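Here is a short report on one protein model. Look at the sequence and the fold first, then read on.

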Amino acid sequence: MARPRAFDEETAVDQATEVFWRKGYHATSTRDLGEALELNPSSLYRTFGDKHRLFLRALDHYRATESTDGCQRFRNAPPTIDALVEAVTAVALGGDAQAADPAGCFVINTAAELGSTDPEVSRRTETAFDLTRTGLVDLLTRLRDSGELPSEADPAALTDLLFTLILGWRLRARAGHDPKDIRRSIEHATRHLA
């Protein structure tokens with residue numbers, strides 16, 4: 001496979017992200033990456049160094065797109081319980097919940113696969129998780145300040161609770177649970193805060 005003339009490195013990172021997201025780090029071979037990116041092994045190594053460096057770039061790409069979008073979804077939501085339900089549902093179910101084989105969240109998948117065994121990966125997953133928590137605490141603070149949540153509500157503690165639940169809902173979506181059941185669980189838990 002020869003390198004395409006109009007090779008775009010960012011497009012290649014996006015394509016690699018999709019491969020790692022679907023297969024996981026360990027199950028993704030250099031061959032899988034080469035086929036997806038239409039690069040031979042020497043071009044792949046020359047461009048990205050090695051599989052691990054490309055994986056780190058994929059995590060950075062996901063954080064800059066998907067994780068940042070999730071944070072903005074919370075920050076842009078009006079301070080109402082209904083908006084909180086919608087934002088949590090969108091983040092928890094992700095874009096592929098209706099797919100026959102949902103990919104789930106790349107960061108959660110990576111954290112589950114690699115845990116804290118790789119400090120560079122761990123730092124990136126935590127940075128992505130921080131974006132979700134930042135967006136959540138912003139919205140929950142605005143909900144408390146607007147009177148939608150009790151005045152004694154602790155946005156940081158509620159963020160920790162909802163973040164943990166979001167991780168569970170994302171795993172349920174990845175496992176193929178019915179999105180309607182997950183939505184009901186989200187509505188119950190989120191409305192219970194008020």
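What follows covers salt bridges, a charged surface patch, a buried helix and one further residue.

The model is predicted. Keep that in mind throughout.

**Salt bridges**

Side chains of opposite charge can pair when their charged atoms come close. The structure holds 14 salt bridges. Three of them are set out here, among them two that involve Arg-57.

| Salt bridge | Closest N to O | Helices | Separation in sequence |
|---|---|---|---|
| Arg-57 with Glu-9 | 2.8 Å | α4 and α1 | 48 residues |
| Arg-57 with Glu-10 | 3.2 Å | α4 and α1 | 47 residues |
| Arg-183 with Glu-86 | 2.5 Å | α9 and α5 | 97 residues |

Start with Arg-57. Its salt bridge to Glu-9 has its closest N and O atoms 2.8 Å apart. Arg-57 sits in helix α4 and Glu-9 in helix α1, so this pair ties together parts of the chain that are 48 residues apart in sequence. The side chain of Arg-57 also meets that of Glu-10 in a salt bridge, at 3.2 Å from N to O. That pair, too, links distant parts of the chain, with Glu-10 in helix α1 and Arg-57 in helix α4.

How exposed are these residues? Arg-57 is partly exposed, because its relative accessibility is 27%. Glu-9 is partly exposed as well, with a relative accessible area of 32%. Glu-10 has 47% relative accessibility, so it also counts as partly exposed.

Now turn to Arg-183. Arg-183 forms a salt bridge with Glu-86, and the closest N and O atoms are 2.5 Å apart. Arg-183 belongs to helix α9, residues 179–192, while Glu-86 belongs to helix α5, residues 81–93. The two residues are 97 apart along the chain. Arg-183 is partly exposed at 23% relative accessible area. Glu-86 is partly exposed at 43%.

Some salt bridges share partners. In this way Glu-9, Glu-10 and Arg-57 are joined into one network.

**A negative patch**

Which residues gather in a patch of negative charge on the surface? They are Asp-14, Glu-18, Glu-66 and Asp-69. Two helices, α1 (9–23) and α4 (51–76), each supply at least two residues of this patch. Asp-14 is found in helix α1. Its relative accessibility is 33%, so Asp-14 counts as partly exposed.

**A helix with buried residues**

Helix α6 spans residues 106–114. Its buried residues are Phe-106, Val-107, Ile-108, Asn-109, Thr-110 and Leu-114. What do these buried residues pack against? Their partners are α1, α4, α7 and α8, the last of these running over 155–174. After α6 comes Gly-115. Gly-115 has a positive phi, near 55 degrees.

**Glu-120**

Helix α7 covers residues 119–145 and contains Glu-120. Is Glu-120 buried or partly exposed? Glu-120 is partly exposed, with a relative accessible area of 36%. Setting aside neighbours within four places in sequence, Glu-120 is in contact with His-52 and Leu-56. Gly-176 lies 56 residues from Glu-120 along the chain, and the C-alpha atoms of the two are separated by 30 Å.

Key:
Residues are numbered from 1 along each chain as its sequence is written. This is a predicted model: local features need pLDDT of at least 70, side-chain atom pairs count only at pLDDT 80 or more; totals for chains, interfaces and linings use all residues. Side-chain values use heavy atoms; hydrogens and water are left out. Patches are made of residues with over 30% relative accessible area and no salt bridge: like charges are joined within 9 Å, nonpolar side chains (Val, Leu, Ile, Met, Phe, Trp, Tyr) within 5 Å. Accessible areas come from the Shrake-Rupley method with a 1.4 Å probe; for residues, only the protein chains shown count as cover. A salt bridge is a side-chain nitrogen of Lys or Arg within 4 Å of a carboxyl oxygen of Asp or Glu. Lys and Arg count as positive and Asp and Glu as negative; His and the chain ends are not counted. The place of a charge is taken as NZ of Lys, CZ of Arg, CG of Asp or CD of Glu. Helices (H or I, at least four residues) and strands (E, at least two) are DSSP runs, numbered from the N terminus. Buried means under 20% relative accessible area, exposed over 50%, partly exposed in between (1.4 Å probe, protein chains only). Contact means heavy atoms within 4.5 Å.
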